[in-house]
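Student: Could we go through this protein model together, a few questions at a time?
Tutor: Gladly! Take a look at the structure, and then ask away.

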Amino acid sequence: MASLNYKHLHYFWTIAKAGGVARASERLHLTAQTVSGQLALFEENLGYQLFDRVGRRLELNDEGRMVFDYADRIFTIGEELEEALRFRPGGRALQLRVGVADAVPKAIAYLLLETALAMQEPIRIVCREGKLDVLLADLAIHRLDIVIADSPMPANVDVRGYHHLLGECDTSFFATPELARRYKKGFPHSLDGAPFLMPGEDAAVRPRLLRWFEKERIRPQITGEFDDGALLLAFGDAGAGIFAAPAAIAAQIKKQYGLVEIGKTDAVREQFYAISVERKLTHPAVLAIQSAARDNLIIGSSRR
């Protein structure tokens with residue numbers, strides 16, 4: 001076998017990750033014919049066929065899985081090297097490109113990111129908000145450094161990534177003063193029949209809330225469901241219903257919106273993660289966020 005051609009290895013690795021030549025060609029910005037030809041040369045050089053064709057799909061065979069495992073480790077280390085070099089101190093401001101899943105409350109995102117702004121080294125934060133799967137796709141192609149989410153790395157997403165727990169906190173319940181006068185006394189059972197604003201299906205806290213309601217035999221009247229946390233807060237501020245939010249930002253919600261905290265439970269814990277393509281975080285700003293996040297996120301919460 002001739003010396004290993006790492007460019008061909010990268011093409012093979014991209015085909016295997018993308019699930020086919022057509023998608024890989026889009027990621028590599030090459031024609032499908034070119035990518036297919038380079039794969040053929042790579043297989044010829046190795047002396048092994050790496051894929052089995054199943055209908056229109058390519059599936060890794062035993063040899064292909066072995067080569068992919070090595071390739072994945074090689075290019076992961078290469079990406080980590082690029083990250084380490086990119087974040088060396090220099091004359092320019094350090095840039096942090098962060099995606100914030102829309103299920104994460106904006107106040108939580110700020111609570112996490114403000115630590116980076118306090119760094120001695122000048123920093124520029126570029127934030128994007130959106131659906132978790134879309135943000136993870138951008139993370140995979142290095143358009144983002146991290147994604148802040150309310151859940152670990154999903155198992156059903158075809159993206160290689162690693163989640164790092166930043167912290168967790170209890171859940172508080174808020175309402176306008178008028179609603180609070182009616183439903184604060186007797187919490188949590190006062191929530192039975194009360195108008196309630198429910199997080200959308202993408203929110204990790206939603207099933208925990210539902211299980212807690214069931215355990216406590218509480219049946220609130222669901223007046224709205226919201227994928228976007230900011231929109232849920234706007235409806236709550238308008239008096240459309242009671243809503244749940246992380247206890248770590250209770251003081252801010254009460255001060256900024258004039259809402260009342262009618263109760264809190266440690267039976268429903270909200271968790272927040274940094275998702276990256278690195279097994280070990282290296283970005284200086286992300287490390288600063290990680291080191292401060294656990295203390296910031298347990299404000300007003302029960303320590304466990």
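Student: How many helices and strands does the protein have?
Tutor: This is a predicted model, in which local features need pLDDT of at least 70, side-chain atom pairs count only at pLDDT 80 or more, and totals for chains, interfaces and linings use all residues. Residues are numbered from 1 along each chain as its sequence is written, and side-chain values use heavy atoms, with hydrogens and water left out. Helices (H or I, at least four residues) and strands (E, at least two) are DSSP runs, numbered from the N terminus. Counted that way, the protein has 11 helices and 10 strands.

Student: What share of the residues counts as buried?
Tutor: Buried means under 20% relative accessible area, exposed means over 50%, and partly exposed lies in between (1.4 Å probe, protein chains only). The protein has 304 residues, and the buried share of them is 48%.

Student: Among contacts between residues at least 6 apart in sequence, what percentage joins residues at least 24 apart?
Tutor: A contact means heavy atoms within 4.5 Å. Among contacts between residues at least 6 apart, those joining residues at least 24 apart make up 77%.

Student: How far apart are the mean positions of the positive and negative charges?
Tutor: Lys and Arg count as positive, Asp and Glu as negative, while His and the chain ends are not counted. Each charge is placed at NZ of Lys, CZ of Arg, CG of Asp or CD of Glu. There are 38 positive and 39 negative charges, and the distance between their mean positions is 4 Å.

Student: How many aromatic pairs are there?
Tutor: Rings of Phe, Tyr and Trp (its six-membered ring) pair if their centres lie within 6.5 Å; planes under 30 degrees apart count as stacked, over 60 as edge-to-face and the rest as tilted. A search of the whole structure gives 11.

Student: Why is the pair of Phe-12 and Phe-51 called tilted?
Tutor: These two rings link distant parts of the chain, with Phe-12 in helix α1 (residues 6-18) and Phe-51 in strand β1 (residues 51-54), 39 residues apart. Phe-12 is buried at 0% relative accessible area, and Phe-51 is buried too, at 4%. The ring centres are 5.5 Å apart and the pair is tilted because the angle between the planes is 55°.

Student: Which residue forms an aromatic pair with Phe-226?
Tutor: The pair is tilted, with 4.7 Å centre to centre and 45° between the planes. Phe-226 counts as buried at 10% relative accessibility, whereas its partner is partly exposed at 36%. That partner is Phe-235.

Student: Which residue follows Phe-187 through a cis peptide bond?
Tutor: Phe-187 also belongs to a cluster, linked by ring pairs, with Phe-173, Phe-196, Trp-212 and Phe-213. Most peptide bonds are trans. The cis bond after Phe-187 has omega near 10°, and the residue it leads to lies in the loop between α7 (177-183) and β7 (195-199). That residue is Pro-188.

Student: Is His-29 buried or exposed?
Tutor: His-29 is found in the loop between α2 (21-28) and α3 (32-46). Although not a glycine, His-29 has a positive phi of about 60°. With a relative accessible area of 72%, His-29 is exposed.

Student: Where is Arg-217?
Tutor: Arg-217 is not a glycine, yet has a positive phi of about 60°. Arg-217 is exposed, with a relative accessible area of 75%. Its place is in the loop between α8 (205-216) and β8 (221-226).
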